[in-house]
Every structure is written in structure tokens, then in C-alpha cells.
Amino acid sequence: MVIFPHPDDEAFGAAGSVAKFRAEGVPVTYLCGTLGQMGRNMGNPTFANRESLPEIRKKELKRACATLDMELKMLGYRDKTIEFEDKQEVADHLRSLLEEIEPSLVITHYPGYAVHPDHNSLGAAAVQAVEDMDPDKRPKVWAQAFSNDHELKLGPPHIENDVHDYFDKKLQTILSHDSQVAGMFGWFKNMDDLDDQVKKEMIENYSTERFYLWNFDDNKQN
Amino acid sequence: MKPIESDKVQQALDSYLNKEVYVHLETTNGAYANHLDKNAYTVGAYIRNAKVTYTKAKILGDGNSYRVGLKMELGWIYAEGLTDWTIYQENQLLLAGHDREGRLMVALEISETPFE
């Protein structure tokens with residue numbers, strides 16, 4: 001199970017790992033927290049506006065999940081507001097889905113080390129949800145960190161998933177989020193035009209997905 | 001959206017004068033501003049579905065970038081850096097300012113019915 005707040009978090013963060021699991025026959029469900037309603041990328045050139053963006057991103061999300069052949073559940077929160085919800089309520093919401101679907105593994109963001117407040121707060125709620133479960137029934141949790149200080153504070157990630165073989169699938173998933181593949185990710189659209197060296201570096205950068213294995217004994221949350 | 005045509009936007013602004021309307025006002029430089037550049041600040045604000053009535057409205061600018069001021073009984077609503085506009089779903093006036101990569105930097109939207 002993948003628990004991230006925005007349509008496209010799954011694409012940049014875990015699409016290779018999901019593709020690998022699917023190739024091995026493991027079912028995967030994406031619990032997507034919001035519709036990214038407040039995103040500032042409107043396509044380049046722009047084709048979305050603030051009011052049409054949610055429906056556009058919902059379509060892109062469905063396309064991305066179809067590409068990865070994973071189930072999708074949309075949680076219905078609003079972009080940028082998850083941290084202002086009651087954390088326990090969000091955790092209870094997630095726990096009801098964990099108990100229904102019974103995943104063996106949860107991939108989410110590492111609370112405090114995932115830059116965007118929605119990442120940090122949904123990650124915290126996801127960890128809380130698993131913590132609230134019967135210890136014998138808890139899935140493993142892989143937490144993704146990418147704040148600039150994460151390696152300094154947390155040490156090297158425990159899991160380094162080599163997803164070179166699934167790069168094309170990952171790229172296709174990223175490109176499903178057409179409205180968002182602008183700005184710093186614009187070059188994904190023009191890969192064929194890239195210099196071979198640049199292209200190689202880009203593939204390298206996106207072909208390892210790193211996670212920390214959450215330790216429930218050492219990582220008591222407040 | 002399309003580049004602002006100030007006379008048409010002025011007409012649209014005037015159409016809401018002295019009516020109870022819903023306003024969405026927003027500015028953002030992205031949740032990753034400080035993550036991508038440690039010298040930058042992550043700043044943003046939005047208010048959605050503020051119910052207001054304005055008595056004066058004006059759009060001003062140099063042809064590329066515009067300002068809008070709405071005067072209310074007890075205060076003002078102001079947005080700067082607006083570049084594009086559209087009428088969405090027949091009764092919503094959407095104004096936004098985009099950067100050269102098409103990212104939204106500021107938005108001012110007015111509607112007679114609440115935004116979703």
C-alpha cells in the first residue's frame with residue numbers, strides 16, 4: 001500500500017518500486033490523500049486553472065494508476081490542509097483501510113523529513129495508523145525522506161530499490177501527470193532531445209528509490 | 001485562460017458590484033521554494049469562499065501585468081501580478097498571474113455561487 005497526499009507523489013517517489021511489485025504479482029493500492037487542488041503547475045503552456053485543476057488531476061491520477069496497474073482510493077482531503085486536520089482522525093481513517101486491505105507493506109513519507117507539510121502530516125498519520133494496530137498484524141513501513149538534511153539526521157536509507165528495469169514504466173507514470181510535468185520536471189517531456197550524458201544522469205537519479213524501514217520501538221511519536 | 005483584456009475584465013468586475021459574492025484570493029511561490037533554494041522563502045496564503053460585497057472595482061496595469069482593487073464597506077481586496085483571465089462555468093471570473101513556466105503565482109476569483 002502506498003500512502004501519499006498528492007497525485008504525482010507516487011510517480012516521482014515510488015513508481016519504480018510499485019512497478020517491480022506488480023511485476024512480481026504483488027497487488028498494490030494507492031491511498032491518495034488529496035487531488036492536489038492547490039498545485040501551482042497548470043501545465044506548460046497552461047491548460048488548467050485553479051478551478052479546473054482538481055478534475056484534471058483526478059484524471060491524471062487514474063491514468064497513472066492504470067499505467068502502474070494499481071488500485072486507487074482517493075481519501076478526499078484538501079491540498080495543503082492535512083496538517084490542520086485532527087491527526088488521530090486521519091490515522092483512524094487510514095487504519096480502517098489498513099484493516100480492510102491488510103497490506104504487508106506501507107510506503108509513505110517520513111514525517112518531518114519530506115519537505116511539504118502534507119507529506120509530513122499524512123506520513124505521521126500513516127505511521128500512527130500502523131502503530132495503533134495490533135503489533136502482530138502491523139505491516140512493515142517504508143518511509144521516504146528527501147529534505148536536504150535527511151541523510152545527515154537519519155543516516156543512509158535502509159532500502160535502496162534499484163528500479164532501472166522499470167524506468168520506462170516510471171517515466172510513463174510521471175508523464176501521466178501532464179499538468180504537473182513542467183518547471184523542474186519539464187525535461188521529462190523532452191528526453192529524446194537530451195544530451196546522452198544528461199539523459200544518463202537523469203535515468204540514474206530516478207532509478208534508485210530510497211526508503212527508511214520504520215522502527216516502531218525506536219521511533220515513538222508524540 | 002487567456003491574456004487579460006482589461007476592458008472585458010472591467011465589465012465582468014462591474015457585473016458583481018453591490019452583490020454578495022464569493023472570493024478566492026491566493027498567492028504562492030510553491031511549497032518547495034526553500035527546499036530548492038535555501039536563500040528563498042516559502043510563502044503563500046489563500047482564502048477561499050470569503051463572502052463579500054464590493055462597491056467599487058478597478059483593473060489597472062501596463063498591458064502585461066495588472067492590479068485589481070475591490071473596495072468594500074470596511075476594507076479592500078487587492079491582487080497584483082495578474083496576467084490571465086477567463087470566465088469559468090458561466091458565472092465565475094477567474095484572474096491569475098503565471099510565471100514564464102506557466103506556474104500560478106497569484107489568483108483572484110469572484111463568483112456568485114461558492115467555489116467547490
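This report walks through a two-chain model, chain by chain, then looks at helix packing and the interface. The model is predicted, so keep that in mind throughout.

**Chain A**

Let's start with chain A, which has 7 helices and 7 strands. Reading from the N terminus, its elements come in the order β-α-β-α-β-α-β-α-β-α-β-α-α-β. The radius of gyration of chain A is 17 Å, close to the 17 Å that the globule rule gives for 222 residues, so chain A is as compact as a globular protein of that length. If you lay the C-alpha trace of chain A along its principal axes, the span is about 50 × 40 × 35 Å. Buried residues account for 46% of the 222 residues in chain A. As for contacts in chain A between residues at least 6 apart in sequence, 79% of them join residues at least 24 apart.

**Chain B**

Over in chain B, the secondary structure amounts to 2 helices and 8 strands. Along the sequence, the pattern of chain B is β-α-β-α-β-β-β-β-β-β. A compact globule with 116 residues would have a radius of gyration near 13 Å, and the 14 Å of chain B agrees with that. The box filled by the C-alpha atoms of chain B is roughly 45 × 30 × 25 Å along the principal axes. Of its 116 residues, 32% count as buried. Take the contacts in chain B between residues at least 6 apart in sequence, and 51% join residues at least 24 apart.

One residue to click on here is B:Lys58, which sits in strand β3 (residues 44–61) of chain B. There are 13 other C-beta atoms within 10 Å of B:Lys58; the exposed class stops at 12 or fewer and the buried class starts at 20 or more, so B:Lys58 is partly exposed. B:Lys58 and B:Ser6 are 52 residues apart along the chain, yet their C-alpha atoms are separated by 9.4 Å.

**Helix packing in chain A**

Two packed helices are described by the angle between their axes and the distance between the axes. Here are two pairs from chain A:

| Helix pair | Axis distance | Axis angle |
|---|---|---|
| α3(A) (residues 87–101) and α4(A) (residues 117–131) | within 8 Å | roughly 60° |
| α1(A) (residues 9–23) and α6(A) (residues 167–176) | 9 Å | about 140° |

With that angle, α1(A) is oblique to α6(A). The crossing of α1(A) and α6(A) is right-handed. On the α1(A) side, the contact is made by A:Ala11, A:Phe12, A:Ala15, A:Gly16 and A:Ala19, while α6(A) brings A:Phe167, A:Lys169, A:Lys170, A:Thr173, A:Ile174 and A:Ser176. By class, that contact of α1(A) with α6(A) has 6 nonpolar, 3 polar and 2 charged residues.

The helices α3(A) and α4(A) are likewise oblique to each other, and they too cross in a right-handed way. From α3(A), the residues involved are A:Lys87, A:Val90, A:Ala91, A:Leu94, A:Arg95 and A:Leu98, and these meet A:Ala124, A:Ala125, A:Ala126, A:Gln128, A:Ala129 and A:Val130 in α4(A). The contact of α3(A) with α4(A) divides into 9 nonpolar, 1 polar and 2 charged residues.

**Where the chains meet**

Finally, the interface: 16 residues of chain A are in contact with 20 residues of chain B. On the chain A side that touches chain B, the classes are 4 nonpolar, 9 polar and 3 charged residues.

Conventions:
Residues numbered from 1 in each chain as written. Chains lettered and ligands numbered in written order. Predicted model: local features only at pLDDT ≥ 70, side-chain atom pairs only at ≥ 80, totals over all residues. Contact = placed C-beta atoms within 7 Å. Nonpolar A, V, L, I, M, F, W, Y, C, P; charged D, E, K, R; others polar. Axes fitted to C-alpha atoms, helices over the stretch in contact; angles between N-to-C directions. Helix = DSSP H or I, 4+ residues; strand = E, 2+ residues; numbered from the N terminus. Parallel < 35°, antiparallel > 145°, perpendicular 65-115°, else oblique. Left-handed = near helix turned anticlockwise from the far one by under 90°. Rg over C-alpha atoms; globule rule 2.2 N^0.38 Å.
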